[in-house]
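Reader: I'd like to learn how to read a structure like this one. Could you walk me through it, starting with the whole chain and moving on to single residues?

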Amino acid sequence: MFYKWLISNCFPNKIEKLKLSFSSEKFHFYSEKKPVEFTFQEKEFYILIDGYLLPKQSDIEVYKNFSQEEIVFELFKKYGENFINHIKGQFNLIIIVNNSFYIFTDWVGIKKTFYFYKDRVFLFSNDIKLISGNIKVEFDKENILIYTLMYHFMDGKTLLKNVFFTQPASKISFKNDLDFDTFWNYGELLNKQSRNVSFEEIAELYRNNLKSYLSFLKPNGVSASLTGGSDTRVTLAGFLSLEIKPHLYTFGDPESYDAVVAKKISQKFGLEHSIYNFPNPTFEWFSNSVDEIIKLGNSITSIHRVHRLESIKKESKHGEMLFLGSLGGEIIKGEFLNDYILTELIRRWWAEKEDKKEIISDILSRHFVRTESVNLDALYDYFSKQKYLGNDTHTNQLYAVFEIVARLHDPQDMYLFYHHLNYVVPSFLDIEYLNLIFESKYNLLHKNFTNSNNPLRRVDNPFYQANLLNALYPKLTEIEMASFYSHQEYLQNKYFCITKKIIREKFGRKKYPPNFILGDWFKDFVEKSLENVNDDLTNEIFDLEKLKRVFRTTTHDNVEKYWTKYSQIINLSLLSKEFQ
């Protein structure tokens with residue numbers, strides 16, 4: 001669950017229900033959750049874990065009967081600050097030792113610490129509203145333009161000036177002054193020494209990881225998402241190989257191929273399975289959930305996550321731990337250039353055919369930005385320094401996958417889920433799994449990227465998941481994918497399989513509806529919401545009259561990426577009102 005905390009060297013005015021857990025002449029620590037206190041060599045330790053952690057495989061037997069806080073304490077005594085290399089999970093970890101403190105965040109940066117730091121005054125919290133309520137709020141217009149181009153707040157920047165969120169694998173320490181550092185970075189995956197890693201070795205690690213999460217954290221009930229794709233099926237294969245049956249869920253239309261295939265799997269293996277559908281969305285239903293996201297989403301969560309939030313509210317009754325298939329395929333194949341998760345800016349920048357400032361100006365203009373006041377030089381300078389732009393294809397893909405998808409896009413859901421669950425586990429982002437995959441040849445650094453739409457040019461894409469499934473639980477390869485083929489067919493003959501897939505896709509199968517359609521009801525939501533966009537911030541940055549005129553005279557699509565140019569302005573307007 002989500003428990004708020006705050007560390008500051010001033011006395012905050014707005015701390016809501018937080019209790020003062022520790023106070024010294026240098027800083028104060030407030031928390032809803034009581035920290036655990038230890039003593040060693042006359043030093044007092046206060047440890048608070050926001051999220052969860054567990055030992056790596058090499059230490060799991062040694063510490064299997066320890067609490068999470070006891071593990072941190074014992075490892076800290078043994079290794080000092082390097083203890084962090086012996087644990088994994090999703091966490092903001094606070095350690096207070098006498099008049100000093102440390103804040104560590106997880107390896108991939110899913111859990112985030114927000115902070116304000118100016119003129120030697122600091123506030124750290126897992127809730128940005130605890131910070132904004134104690135500073136003079138100023139909006140950062142350049143960051144909002146970057147958000148408009150990327151659909152996320154990038155590089156730890158927020159919509160507020162002097163308020164940031166942490167980098168992945170952050171280590172913040174305070175003794176006499178603040179020090180910001182990291183104990184790991186994604187670039188280390190680029191430099192892994194390749195070796196011959198078998199699918200049996202990967203399956204064994206994956207299976208042991210699942211076992212460790214369950215045996216160490218001991219959740220009261222386990223759920224897993226299930227779609228018609230490969231990633232969630234690999235997770236299920238791991239569970240079935242351990243003779244564990246999680247509760248499964250799929251969100252969306254029961255007639256969608258994801259739901260049809262998931263239902264077929266659950267019936268064949270005798271698994272409990274729920275489909276969460278919202279067949280008649282209304283303006284009121286969606287607006288209420290949007291308001292909840294604005295309050296819970298820490299300013300970095302899109303209002304497009306409504307159906308996921310509403311699904312997890314229902315699924316949470318089946319357990320307190322949820323396994324997700326996040327990035328199982330992306331770290332193997334890279335991320336598609338779909339103008340949504342990886343935006344139009346990235347696609348056009350990678351193409352290297354146009355003037356980059358013209359690209360920025362064109363996209364901003366079509367997103368209704370008042371471009372006459374935009375500093376294109378500053379935006380160009382910012383993007384030209386990003387590691388996911390301007391490098392070789394594989395380096396660009398690696399940083400795009402981790403900096404954008406793993407760190408920013410997928411965690412939007414996880415933020416919301418933590419308000420209803422104790423443990424959210426994206427098992428493919430486990431640091432031990434990542435290290436092994438990047439020691440192997442089965443990762444995006446070995447991928448032959450092609451922009452061809454010819455399926456035969458992408459014939460090797462299913463190779464990894466098909467073989468890993470076969471190593472974990474071969475019976476799951478028999479059931480067809482939402483992509484019109486089974487892994488068993490692929491393993492028998494990949495070219496024959498892809499040919500059958502093409503034929504089935506075009507001639508042999510009925511058309512299935514999407515999981516979740518943004519139909520007329522969403523148009524109604526956008527239209528009514530735009531009428532309420534009247535705050536100073538959005539009026540200054542966006543040409544709202546042009547936006548409304550275009551909206552009224554346009555025939556609209558029903559897919560999420562189309563609506564983003566409208567919904568992100570609504571999102572920003574709601575946030576500006578929330579932080580006023």
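Reader: About how much area does the chain expose, and what share of it do carbon and sulfur atoms supply?

Author: Happy to help, and please keep in mind that this is a predicted model. The exposed area of the chain comes to about 24100 Å², with 45% of it supplied by carbon and sulfur atoms. Buried residues, for their part, make up 59% of the 580 residues.

Reader: How many helices and strands are there in the chain?

Author: The chain has 23 helices and 17 strands. Its radius of gyration is 24 Å, close to the 25 Å that the globule rule gives for 580 residues, so the chain is as compact as a globular protein of that length. Along the principal axes, the C-alpha atoms fill a box of roughly 75 × 65 × 45 Å.

Reader: What share of the contacts comes from residues 24 or more positions apart?

Author: Taking the contacts with a separation of 6 or more, residues 24 or more positions apart account for 70% of them.

Reader: Now to charges. How far apart are the mean positions of the positive and negative charges?

Author: They are 4 Å apart, for 73 positive and 75 negative charges.

Reader: And how should I read a salt bridge?

Author: Here is the general idea: side chains of opposite charge can pair when their charged atoms come close. In this structure there are 32 salt bridges. One of them joins the side chains of Lys295 and Glu578, at 3.8 Å from N to O. This pair links distant parts of the chain, since Lys295 is in helix H8 (residues 283–296) and Glu578 is in helix H23 (residues 560–579), 283 residues apart.

Reader: Is Lys295 buried or exposed?

Author: Lys295 counts as exposed because its relative accessibility is 54%, and the cut-off for exposed is over 50%.

Reader: Which residue meets Arg305 in a salt bridge?

Author: Asp413 does, with 2.9 Å from N to O between the side chains. Here too the pair links distant parts of the chain: Arg305 sits in the loop between H8 and helix H9 (306–315), while Asp413 belongs to helix H15 (residues 411–417), 108 residues apart. Arg305 is buried, at a relative accessible area of 2%, and Asp413 is buried as well, at 11%.

Reader: By about how much of a helical turn are Glu403 and Arg407 separated, and why?

Author: They are separated by about one helical turn because they are four residues apart in helix H14 (residues 393–409). Their side chains meet in a salt bridge of 3.2 Å, N to O, and both Glu403 and Arg407 are buried. Elsewhere, salt bridges that share partners join Glu344, Arg348, Glu354, Asp362 and Arg366 into one network.

Reader: Where does Thr393 lie?

Author: Thr393 is also placed in helix H14. With 45% relative accessibility, Thr393 counts as partly exposed. Compare its separations from Leu444: 51 residues in sequence and 10.0 Å in space, C-alpha to C-alpha.

Reader: One last residue, please: what is Ser212 in contact with, leaving aside its neighbours within four places in sequence?

Author: Ser212 is in contact with Leu54, Gln57, Ile60 and Leu217. Ser212 lies in helix H5 (residues 199–217) and counts as buried, at 5% relative accessibility. From His152, Ser212 is 60 residues away in sequence and 33 Å away in space, C-alpha to C-alpha.

Definitions and conventions. Residues are numbered from 1 along each chain as its sequence is written. This is a predicted model: local features need pLDDT of at least 70, side-chain atom pairs count only at pLDDT 80 or more; totals for chains, interfaces and linings use all residues. Side-chain values use heavy atoms; hydrogens and water are left out. A salt bridge is a side-chain nitrogen of Lys or Arg within 4 Å of a carboxyl oxygen of Asp or Glu. Helices (H or I, at least four residues) and strands (E, at least two) are DSSP runs, numbered from the N terminus. Buried means under 20% relative accessible area, exposed over 50%, partly exposed in between (1.4 Å probe, protein chains only). Contact means heavy atoms within 4.5 Å. The radius of gyration is taken over C-alpha atoms; the globule rule is 2.2 Å times the number of residues to the power 0.38. Accessible areas come from the Shrake-Rupley method with a 1.4 Å probe; for residues, only the protein chains shown count as cover. Lys and Arg count as positive and Asp and Glu as negative; His and the chain ends are not counted. The place of a charge is taken as NZ of Lys, CZ of Arg, CG of Asp or CD of Glu.
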